[in-house]
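Trainee: Could we go through this model step by step, with the cut-offs explained as they come up?
Mentor: Yes, here it is, and we can begin with the confidence scores.

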Amino acid sequence: MDTTNKLTPVNLFSICYEPKHTENKPPIIFIHGILSSPYCWNKVKSKICDKTGRKGYAVCLRNHGSSDWSDEMSVIHMAADVKNFMLKEDISKAILIAHSLGGRVALAVTLQNPEMIEKIIIEDMKLTVDDNEREIIGFKSILELAASSLKELPSSVSENVAQKKIQHLFTFAWSKKPNEKAFSRPMTPHLPFYKNKSGKFEWEINIDITTKMFGIMQDFKIPFREDTVYLGEALFIAAEYSAFEVLKQKELIQKHLPNSQFVCAKGVYHSCHLEKPEELVEIVTKFLVPKYVQAFS
């Protein structure tokens, strides 16, 4: 049952990339995670599109950046936005590559509109969450602390210093500490805020509504029936040091997406496309083009 038809979608900002050598195949739609933007795919988007000969769109989720903002925000609302984007762009079928919260959005679109999705690639996100999901519940507190901390920063603080101070709060937001032999630390992406002309820091996301979403577990759930099945090919990329532990849901995922493959990105905390972009390009290319020959590189 497609519940997205009952929702009012918003317009999404997007970045389009068209490789020099394109094939007549469905395009790729890249979907970012929370507190991120379409630009997070810059290290991998063009390479994946070039190697697969497919046009690519990196969309910006609602309440982020230049996309429309709304008082309503849930996985299902965002799935309706992506479906609406596809309809507006006359995209009858696409491949979805999505990270974190974007992965939940992509799964919702896929399970509700399987005929619109050729293949799906989910980077570090599970199929289901429960009401006691520690990572999601805890993230609300981090967002609240980040919002209040940013508001208290004086105008004398530079944007670079502000970034370091607020980024520190998110260091292990989605990750677990690795074993003692690992010397790396999670990569904290550039956070979406800036200093305006009056010297005050402003978020480039709807911070209040986003924070509210993290306090309502139902907003994260993907409604699907026990007998819901997507028969297309799916790839789940699990990060080795992620708190989500995607591989523990392998049996459940294969029940609803039986043609799923699984890869563990070693040494990655949560964002393979940022931490090990070349590795992600290789993983994705092999999945999308199994007999890939470097014809376009």
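Trainee: Over which residues does pLDDT stay under 50?
Mentor: This is a predicted model, in which local features need pLDDT of at least 70, side-chain atom pairs count only at pLDDT 80 or more, and totals for chains, interfaces and linings use all residues. Residues are numbered from 1 along each chain as its sequence is written, and side-chain values use heavy atoms, with hydrogens and water left out. The score itself, pLDDT, is the predictor's confidence in each residue, from 0 to 100, and the chain averages 92, with 94% of the residues at 70 or above. The stretch that stays under 50, for which the model has nine contacts (heavy atoms within 4.5 Å) beyond four places in sequence, is residues 292-297.

Trainee: What radius of gyration does the chain have, and why does it agree with a compact globule?
Mentor: The radius of gyration is taken over C-alpha atoms, and the globule rule is 2.2 Å times the number of residues to the power 0.38. Because the chain has 297 residues, that rule puts a compact globule near 19 Å, and the value for the chain agrees, being 19 Å.

Trainee: What share of the contacts with a separation of 6 or more joins residues 24 or more positions apart?
Mentor: Contacts are counted here by separation along the chain, starting from a separation of 6. Among these, the share from residues 24 or more positions apart is 78%.

Trainee: Is D124 buried or exposed?
Mentor: D124 lies in the loop that runs between β5 (117-123) and α4 (134-152), where helices (H or I, at least four residues) and strands (E, at least two) are DSSP runs, numbered from the N terminus. Buried means under 20% relative accessible area, exposed over 50%, and partly exposed in between, with a 1.4 Å probe and protein chains only. Because its relative accessible area is 1%, D124 is buried.

Trainee: Which residue is 113 residues from D124 in sequence but 5.7 Å away in space, C-alpha to C-alpha?
Mentor: Leaving aside neighbours within four places in sequence, D124 is in contact with several residues, including S100, A238, F244 and H270. Another residue in contact with D124, and the one at that C-alpha distance, is I237.

Trainee: How is E245 classed, and what is its relative accessible area?
Mentor: E245 sits in the loop between β8 (233-239) and α7 (250-256), and its phi is positive, near 50°, although E245 is a residue other than glycine. E245 is classed as partly exposed, because its relative accessible area is 32%.
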